[in-house]
Amino acid sequence: MSSGKINVSVENIFPLIKKFLYSDHEIFLRELISNATDATLKLKHLTSIGEAKVEYGNPIIEVKIDKEGKKLHIIDQGVGMTAEEVEKYINQIAFSGAEEFLEKYKDSAKDSGIIGHFGLGFYSAFMVASKVEIITKSYKDEPAAHWTCDGSPEFTLEPSEKTTRGSEIILHIAEDSLEFLEEFKIRELLTKYNKFMPVPIKFGTRKEKLPLQEGAEKDAKPEEIEVDNIINNPNPAWTKQPTELKDEDYKEFYRELYPMQFEEPLFNIHLNVDYPFNLTGILYFPKMDANLQMQKDKIQLYQNQVYVTDNVEGIVPEFLGMLRGVIDSPDIPLNVSRSYLQADGNVKKIANYITRKVADKLKSLFTENREDFEQKWNDIKIVLEYGMLSEPKFYEKAGDFVLYPSVGDKYYTLAELKEAITPTQTDKNGKVVVLYASNKEAQHGYIEIAKEKGYEVLLLDSPIVSHLIQKLEADNDNLTFVRVDSDHIDKLIQKDEEQISKLSEDEASKLKTVLEELVPKATYTVQLEAMDSKAAPFIITQPEFMRRMKEMSQNGGGGMFGMGNFPEMYNLVVNSNSELATTILNTDDKSAQESLVKQALDLAKISQGLLKGEELTAFVKRSFELIK
C-alpha cells in the first residue's frame, strides 16, 4: 500500500470545487458516466486496431444504489487502469492558473464551466461525496488497484482483488447530498444527461415475460425473467446517415425526444458536417403560434451524445431557437459559460452553417413540392419572417422560398408578386403598390372594394409584419406596401381616368366646412374625394406611416425609435359624388344635418371596429329611432 498527497497547486481544491459548483452539483453523474463511456470506447478502439489482445464483447455501464450503506456505484467494463495510471491520471491533477481561476469565478456560483474547462471531471464526485473509491483493473495483464480519498489532498493506493476488467467508482454520499441515493433522482439524472450515450447504461432490472412454448397448455402462464434495465438509446437517429432513415424514423425520434408532444412535426432537417468542424443533429419544425416566447429552449445540445444544455443561445441562430431537436458537436466546449461560447471561434461558424443548411432545406422543400410547402406556410411563417429580419445570410436566400399569400389563397414569391401586379398596381410616383390586409375579417369591406377593382390584396397577419415590410421596402426601391384600409383605393393607385366631382369648388368648400364643424378635429382629418357614386359615402382610413409606426412601437420598436404612445389619428374620406354628401350639403336644418353626419360617421367607425362603449349604445338607440 502507498499513500501520499494529490499533486495540486492549491491545498483547498476540494472545498473550492464544492463551493463554486454547488448550484450544478448534479452534473457529477454526467461526468462520471462520461468517463466510463470514454474508457469503454477506448477499449473498443484498441481492440479494433489489435493493440488490446482482449475480447471487447458487449460492455455496459452499470449504476447501482446502496441506500443502506449510503453509497453510489458506477461500474464500467472499459480499459481500466494500472496503479501507475491511477498515479498519473488521478493523483497528478494539472491545475495550472489556480489564482486566475479564483479571480475569474469568485463572484459566480453558477458557472458550471470549471470542471470541463480545467479537466476536473472525475473530481466533480466530491461535490456530493465525502469519500470516493476507485477499484480498477486494466485490460493489460497487471494487478488491480484500489484508490481512496476522503476529500482532502490525502489518498491511499493499494492492490485490489478485482479480477474483471474495468473500473468501479464508489461514492460515499455526503449527508447534505442524500437525495442522490433516491432511485427516482438518479433515474431523472440518467434520463436527462445520458439518455443517448453510446454505451448501454444499466440501472436496476425489470421483469420480462418469455413467450410460451408451442403446444403449451391453455392455462399456462408465461415464465418471467429478470433482465437488465437499459435506460438509454446508444444509437439515436442523429448518429446515423440520412440515407439510413425513413420519415417514420424521424417521427419516432421526435416522439422519443418529446413524449408529451402529441402533434407531429411539419418536417425535419438532418445536419451532418465534418469540416471545418464536426456537427450532427436533427432539427424539427413544429407547428408555430404567435407566442414566440413559448416555443424557445426546445433544442437540446449534446457533446458526443452527452447532454449539455437546452439553452442554445449563441450556437443556434436566434430565429431558429423556436425549433426543436438535437445538435451534437465535439467542437463546442463542454461546461463553459454562455459568454465563453459566444467568444469561441467555432460557435459563429456553426451558427452560420445551421442558417445555411436550414435555408437550403427550405428551398429544396419548396422546389420539390410547392403545394405541400404552401399548405404548411402559416405554421412556419413566423420563424422564416423573423429569420429575414435577424439574419442577413438567411435573408439573402429567403427570396427563393418565402411566400406572400393573398386573401384569395394564392401564394407568391416576391418576384412572382411583382410580376403579377406591376401592370395594374402603381402609384403616382411609379412605385409598385402591394396592398395587404392584416385581418381578413376586420378589413373585409376594404378588401372587397379592392377586389372589385381587380387589385390583388395580400394577407400579411404575423405580429412582426410592420418590421418585415419596412425591410423589404428598404431593399426594393420601387416597392411600397400599403394596408388596404390606409386610404381610399383610388388615391393609392394611379388611375388612367380620374373621377370628376359633381360638386363645384364652392360647394365642396362649403361641405368640408360643415363636416369639419361636426366631426371631432382631434381625431379626424376630413378629406373630400371624387369617387364612384356607388362607393361608400364615408370611409375611415389611417395613414400608413402613422399606423405602421404605432404597430412597431407596440411590438418592441418604441425604445428603438424613441416614441412611446402614438395618438389615434384617422382620415375621414367623404365621397363628394355620393347622394349623402349632396343631402348633407343641402340640409338647412342644423339638427338634421348633424344627425346625418353622426349616423354616417358611426357607420364608418363600425367598419373599422372603432365604435365601442357609450358611442355604440347611442348608435344602436339612434338607429332604432330612425327605423320607427
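**Entry 1: Asn-571**

I started with Asn-571, which is buried, with a relative accessible area of 9%. I note here that the model is a predicted one. Asn-571 sits in strand E22, which covers residues 570–575. I then listed what Asn-571 touches, leaving out residues up to four places away in sequence. The list reads Thr-525, Gln-527, Ile-539, Ile-540, Thr-541 and Pro-543. Of these neighbours I kept Ile-539 in mind, since Ile-539 also turns up in the lining of the largest cavity.

**Entry 2: cavities**

How many cavities of 30 Å³ or more does the whole structure have? My search gave three. The largest cavity holds about 50 Å³ of space. I wrote down the residues that line the largest cavity: Tyr-446, Ile-449, Val-484, Asp-487, His-488, Ile-489 and Ile-539. Sorted by class, the lining comes to five nonpolar residues, one polar and one charged. The charged one is Asp-487 and the polar one is His-488, because Asp counts as charged and residues outside the nonpolar and charged sets count as polar.

**Entry 3: the chain as a whole**

I took the totals next. The chain has 628 residues, and 49% of them are buried. I counted 20 helices and 22 strands. The accessible surface of the chain is about 32,100 Å², and carbon and sulfur atoms account for 49% of that surface. For contacts between residues at least 6 apart in sequence, I found that 72% join residues at least 24 apart.

**Entry 4: Ser-462**

I looked up Ser-462 in the loop that runs between strand E18 (457–459) and helix H14 (465–475). Is Ser-462 buried or exposed? Its relative accessible area is 6%, so Ser-462 falls under the 20% cut-off and is buried. Not counting residues up to four places away in sequence, Ser-462 touches Ile-382 and Glu-385. With Glu-385 there is also a polar contact between the side chains, at 2.6 Å.

**Entry 5: Leu-503 and Lys-510**

Leu-503 is placed in the loop between helix H15 (489–492) and helix H16 (505–518). I have Leu-503 as buried, at 12% relative accessibility. I asked what Leu-503 touches beyond residues up to four places away in sequence. The answer is Ala-508, Leu-511, Ser-576 and Leu-585. I also took a C-alpha distance: Leu-503 and Asn-577 are 7.4 Å apart in space and 74 residues apart in sequence.

Lys-510 lies in helix H16. I have Lys-510 as partly exposed, with a relative accessible area of 49%. That value is not over 50%, so Lys-510 does not count as exposed. From Lys-510 to Leu-585 the C-alpha distance is 7.5 Å, with their positions 75 residues apart in sequence. Leu-585 is thus on two of my lists, as a contact of Leu-503 and as the partner in the Lys-510 distance.

**Entry 6: Leu-365**

I moved to helix H9 (residues 345–368), where Leu-365 is placed. Leu-365 touches Phe-267, Arg-370 and Phe-373, not counting residues up to four places away in sequence. For Phe-267 I also noted the C-alpha separation from Leu-365, which is 9.2 Å. Phe-267 and Leu-365 are 98 residues apart along the chain.

**Entry 7: helix H3**

Which residues are buried in helix H3 (residues 83–91)? I found Glu-85, Val-86, Ile-90 and Asn-91. The general rule for an α-helix is 3.6 residues a turn, so residues three or four places apart point the same way. I then checked what the buried residues of H3 pack against: strand E4 (129–137), strand E5 (144–149) and strand E6 (154–160).

**Entry 8: positive phi**

Last, I looked at two residues that have a positive phi although they are not glycines. Lys-70 has a phi of about 55°. Lys-70 is in the loop between strand E2 (61–66) and strand E3 (71–75), and at 33% relative accessibility Lys-70 counts as partly exposed. Asp-409 has a phi of about 65°. Asp-409 lies in the loop between strand E15 (404–405) and strand E16 (411–412). Asp-409 counts as exposed because its relative accessibility of 57% is over 50%.

How values were computed: Residues are numbered from 1 along each chain as its sequence is written. This is a predicted model: local features need pLDDT of at least 70, side-chain atom pairs count only at pLDDT 80 or more; totals for chains, interfaces and linings use all residues. Side-chain values use heavy atoms; hydrogens and water are left out. Helices (H or I, at least four residues) and strands (E, at least two) are DSSP runs, numbered from the N terminus. Buried means under 20% relative accessible area, exposed over 50%, partly exposed in between (1.4 Å probe, protein chains only). A polar contact is a pair of N or O atoms within 3.5 Å; within protein, one must be able to donate a hydrogen and the other to accept it, and residues adjacent in sequence count only if both atoms are side-chain atoms. Contact means heavy atoms within 4.5 Å. On a 1 Å grid over the protein atoms alone, a cavity is a set of points where a 1.4 Å probe fits but cannot get out, and a pocket is an open set with protein on both sides within 12 Å along at least five of seven lines; lining residues have an atom within 4 Å of a point. Grid points are joined across faces, edges and corners, and a volume is the space filled by probe spheres set on the points. Accessible areas come from the Shrake-Rupley method with a 1.4 Å probe; for residues, only the protein chains shown count as cover.
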